[in-house]
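Here is a quick walk through one model, written for someone who would rather look at contacts and angles than at a cartoon. Have the viewer open as you read.

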Amino acid sequence: MELAVHILPYLIGLPLELLAIAGMLRFGYRRYLFVFVYVIADFLTTVVELPVDLSYYAGNKNKDAENSLVHFYWIDEAIMQVLVYAAVISLIYYATAALKPRRIVRISLIGFAVLFAGVSFLIHFDPGNPKVGEWMTPWNSNLKFCSAILDLALWVLLIASREKDHRLLMLSGALGIQFAGDAIGQALRNLAQPHHTYWLVYTGDAAVVLFNLGFLYIVWQTFRFAKTKTLTL
C-alpha cells in the first residue's frame, strides 16, 4: 500500500513534467528561461530520486538506503529552491519592464531577495553538523516564505499594470499555487513531529505533491495555448 501511494505521483507527475517541457519548447523557453530550467530540473530530480525512493518504500529500509534517500532529497531540495527563487526574480524582471521607475523597483525587489537568501544562509549554515536537514530545513523554509512574498509582489505588479500579460499572470499564479502547497505541507509536517503523527506527515506530503501537479498542469496549459488569445484551463 505504501509503495502504491508513492508510485502514483510518479505516474502522473513525470508525464506532466514532459508535457510542460514540450509546451515551453514550442514557445517561451527563451523568455522564461529560469522557469524552463526549473521545470527541467524538476523532471531530472524526479528521475534521480525515483529508484532510491521506490527501493526504500518497497521494503529496502536499511541504514544505507535511508542515508541515500536523505542525501538525494536535500541535494535536490537545495537545487530546486534556488531555481524557483531565480524563476520568481526573473518574472519580476519581466513584469517591471513597462514601469517608468523600473530600475528602482528591480533593484529594490531583486536586491532584497538576494540579500535575504544570503543572510538567511549565513545564519543557519552549520558545516560541522552531519545532519544537513537540521540547518537546511529552516533555511529552506525561509526561502519558500520569501519566494511567496516575491510572488505576491509580482502578482500585484501584474494586476496593477494597464497592459495585462496573461502568460506572466498564469506563471505567477502557478508558482503561487506551488508555494501554497509547500507551506501547507510544511505546516502539517511540523504539527506531526512532536507526537510522531504519521498520517499528518503523509497528508503534508500529499499536499505538496498535489499542488506541484497543479503547477505543472498550469505551465503546460499556458504554453500549450500560447498562440491563441485565450488560455483555457
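What follows covers the salt bridges, the helix packing, some long-range contacts and a surface patch.

Keep in mind throughout that this is a predicted model.

**Salt bridges**

How many salt bridges does the structure hold? There are 2 salt bridges, and they are worth taking one at a time.

Start with Glu77 and Lys144, whose closest N and O atoms sit 3.1 Å apart in a salt bridge. This pair ties together distant parts of the chain, with Glu77 in helix α3 (residues 63-95) and Lys144 in helix α5, 67 residues apart. Are these two residues buried or exposed? Both Glu77 and Lys144 are buried.

The other pair is Arg31 with Asp165, where the side chains meet in a salt bridge at 3.6 Å, N to O. Here too, distant parts of the chain are linked: Arg31 is in the loop between α1 and α2 (33-57), while Asp165 is in the loop between α5 (132-160) and α6 (166-192), and the two positions lie 134 residues apart in numbering. Arg31 counts as partly exposed because its relative accessibility is 36%, which falls between the 20% limit for buried and the 50% limit for exposed.

**Helix packing**

Two packed helices are described by the angle between their axes and the distance between the axes. Take α2 and α3 to begin with: their axes come within 10 Å and cross at roughly 165°. That makes α2 roughly antiparallel to α3, because an angle over 145 degrees is put in that class. The crossing of α2 past α3 is left-handed.

Now turn to α3 and α5, the helices that carry Glu77 and Lys144. The axes of α3 and α5 come within 10 Å and cross at roughly 20°. So α3 is roughly parallel to α5, as the cut-off for that class is under 35 degrees. α3 passes α5 in a left-handed crossing.

**Contacts between separated positions**

Some residue pairs are worth picking out for their sequence separation and their C-alpha distance. Here they are side by side.

| Pair | Separation along the chain | C-alpha to C-alpha |
|---|---|---|
| Glu17 and Phe43 | 26 residues | 5.8 Å |
| Leu44 and Asp76 | 32 residues | 9.4 Å |
| Pro15 and Leu216 | 201 residues | 9.8 Å |

Glu17 is found in helix α1, and Glu17 is buried because its relative accessible area is 3%, where the limit is under 20%. Pro15 lies in helix α1 as well, but at 38% relative accessibility Pro15 counts as partly exposed. Leu44 belongs to helix α2; Leu44 is partly exposed too, at 47% relative accessibility.

**A nonpolar patch**

Which residues form a nonpolar patch on the surface? They are Ile7, Leu8, Leu11 and Ile12, and together they have about 350 Å² of accessible area. If you want one residue to click on, try Leu8, which lies in helix α1 (residues 2-26). Leu8 has a relative accessible area of 49%, so Leu8 is partly exposed; a residue has to be over 50% to be called exposed.

**Back to the viewer**

For a short tour, select Glu77 and Lys144 to see the salt bridge between α3 and α5, then move to the left-handed crossing of α2 past α3. After that, look at the patch that includes Ile7 and Leu11.

Methods. Residues are numbered from 1 along each chain as its sequence is written. This is a predicted model: local features need pLDDT of at least 70, side-chain atom pairs count only at pLDDT 80 or more; totals for chains, interfaces and linings use all residues. Side-chain values use heavy atoms; hydrogens and water are left out. Patches are made of residues with over 30% relative accessible area and no salt bridge: like charges are joined within 9 Å, nonpolar side chains (Val, Leu, Ile, Met, Phe, Trp, Tyr) within 5 Å. Accessible areas come from the Shrake-Rupley method with a 1.4 Å probe; for residues, only the protein chains shown count as cover. A salt bridge is a side-chain nitrogen of Lys or Arg within 4 Å of a carboxyl oxygen of Asp or Glu. Helices (H or I, at least four residues) and strands (E, at least two) are DSSP runs, numbered from the N terminus. Buried means under 20% relative accessible area, exposed over 50%, partly exposed in between (1.4 Å probe, protein chains only). Axes are lines fitted to C-alpha atoms, for helices over the stretch in contact, and angles run from 0 to 180 degrees between N-to-C directions. Angles under 35 degrees count as roughly parallel, over 145 as roughly antiparallel, 65 to 115 as roughly perpendicular and the rest as oblique. A crossing is left-handed if the near helix is turned anticlockwise from the far one by less than a right angle, and right-handed if clockwise.
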